[in-house]
Amino acid sequence: MRSKLHVITILTTFLFLVGGATFAVANMPGSDLGNTYQPNKGDTLEKENMPKIYLGNTYQPDKGDTLEKENMPKTYLGNTYQPVEKPEVFITPALPDENVIRQGGDTFDDAFVIACNDDYHTGDPCGSYVSFIGSLAIDAGTYYVVVDGYGTDSGEYTLLVEEAVPCDDVLVPNGTPEIEPNGGTNSDPVEYDPRNVGSEAAPTLITGTYLADAETRDTDWFNFTLNEAMTVYATVDVSCGDPQLLIVDPTGSSILAEGTANGEGEGEELSVELPAGADYWLWMGSQVFSGDGTEFNYNIEFWGEELVLQEGDTFENAFVIDALPFTDTGTTVGYINDYDEVCPYSGSTSPDVVYEWTATEGIYNLDLCGSLYDTKLYVYAADQLTVVACNDDYHTG
């Protein structure tokens, strides 16, 4: 039994002229990465509360680790981040408008940035979008701490400054060591560590190290191929640092799943349903640009389970439209992402549902009026490759 939330109505006027042809209609939410702004997409690769993946920009130290530079331009899939003027509160009076810690000089204007953070805490007991700078190594001297806000945000705050106690990394490495260099799509050429997807009884075990400081962090990219549709699971254990696990699409430009951000010294887990026939990325790195550059151990467990496809999940088991006019309601929740087309936006990672329709020559309408989310609709010819029609946002309120 499937629950139903989307609506499909077929009337009698649309623009394909066909004779006795068979079509498959895929119903997907729109996802406009790097194009016109669409609210509530949720598909932006970089967020202030997520690891920053700087595509094509990386620092390569001699040891072979792939590090990301915090002072690189923040590229949001084709859109450069533009800072916003922010109200600020200073713990010393008459300081310039900066959200940073600066080292004292002859005057404040002569100082330079020591450390900066925007969103370390994201929904934990400390709050949402709350800043933290940890393991800041500094020399004796005078420093200025500035408490600021994002955009126009301002309000009450709590500031704690205390001496940091170095973390005792007691995690025992368990698994096959990571292979460096493994910077993924951050590297030119692309470099990665290929892995197989294990089973729940015998998961793939990976062990490695990661690090971060105020400017750089180590990121590890593991590539895997699915020959059948699977639900993929991954967990990471640490005793020090703040890790982040991601599953990234084959292009390295869209996050398909992210781990639970549990905080300093705690591991993460994730799961995601993925179609067959593609290479994917398992991404491991620090959640934040914060620390003193100390390397910490991590252990990953990685496995998959065969995904039994529901009716309507692919062309091969599509729902059948047996007569017109046809109306149906359903939900894409619980399905997987099999298809995507440009009309004019691409990059959708949302689940989709397929209908099969044998049409006579004529002009038809296909309408998702009444659906409760940001939809996308397209029609393929019988070869399952040729796009006959496609629309993202016809109804806009």
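I take a contact to mean heavy atoms within 4.5 Å. With that cut-off I looked up how contacts in the protein are spread along the sequence: among those between residues at least 6 apart, 75% join residues at least 24 apart. I note that the model is a predicted one.

Entry on the whole protein. I looked up the secondary structure and found 27 strands and zero helices. The protein has 397 residues, and 45% of them count as buried. I then checked the accessible surface, which comes to about 20,100 Å². Carbon and sulfur atoms supply 51% of that area.

Entry on I133. I located I133 in the loop that runs between strand 10 (127-130) and strand 11 (143-148). Is I133 buried, partly exposed or exposed? I133 counts as partly exposed because its relative accessibility is 34%, and the partly exposed class lies between 20% and 50%. I also looked up which residues join I133 in a surface patch, and found L136 and I138. The patch is nonpolar, and its three members, I133, L136 and I138, have about 220 Å² of accessible area together.

Entry on D313. I placed D313 in the loop between strand 21 (296-306) and strand 22 (319-321). Why does D313 count as buried? The relative accessible area of D313 is 2%, and buried means under 20%. Leaving out residues up to four places away in sequence, I listed what D313 touches: Y335, I336, D338, Y339, D352 and V354. Two aspartates, D338 and D352, are thus on the contact list of D313.

Definitions and conventions:
Residues numbered from 1 in each chain as written. Predicted model: local features only at pLDDT ≥ 70, side-chain atom pairs only at ≥ 80, totals over all residues. Heavy atoms only, no water. Patch = residues over 30% accessible without salt bridge, like charges linked within 9 Å, V, L, I, M, F, W, Y side chains within 5 Å. Areas by Shrake-Rupley, 256 points an atom, 1.4 Å probe, with all protein chains shown as cover. Salt bridge = Lys/Arg side-chain N within 4 Å of Asp/Glu carboxyl O. Helix = DSSP H or I, 4+ residues; strand = E, 2+ residues; numbered from the N terminus. Buried < 20%, exposed > 50% of the residue type's maximum accessible area, 1.4 Å probe, protein only.
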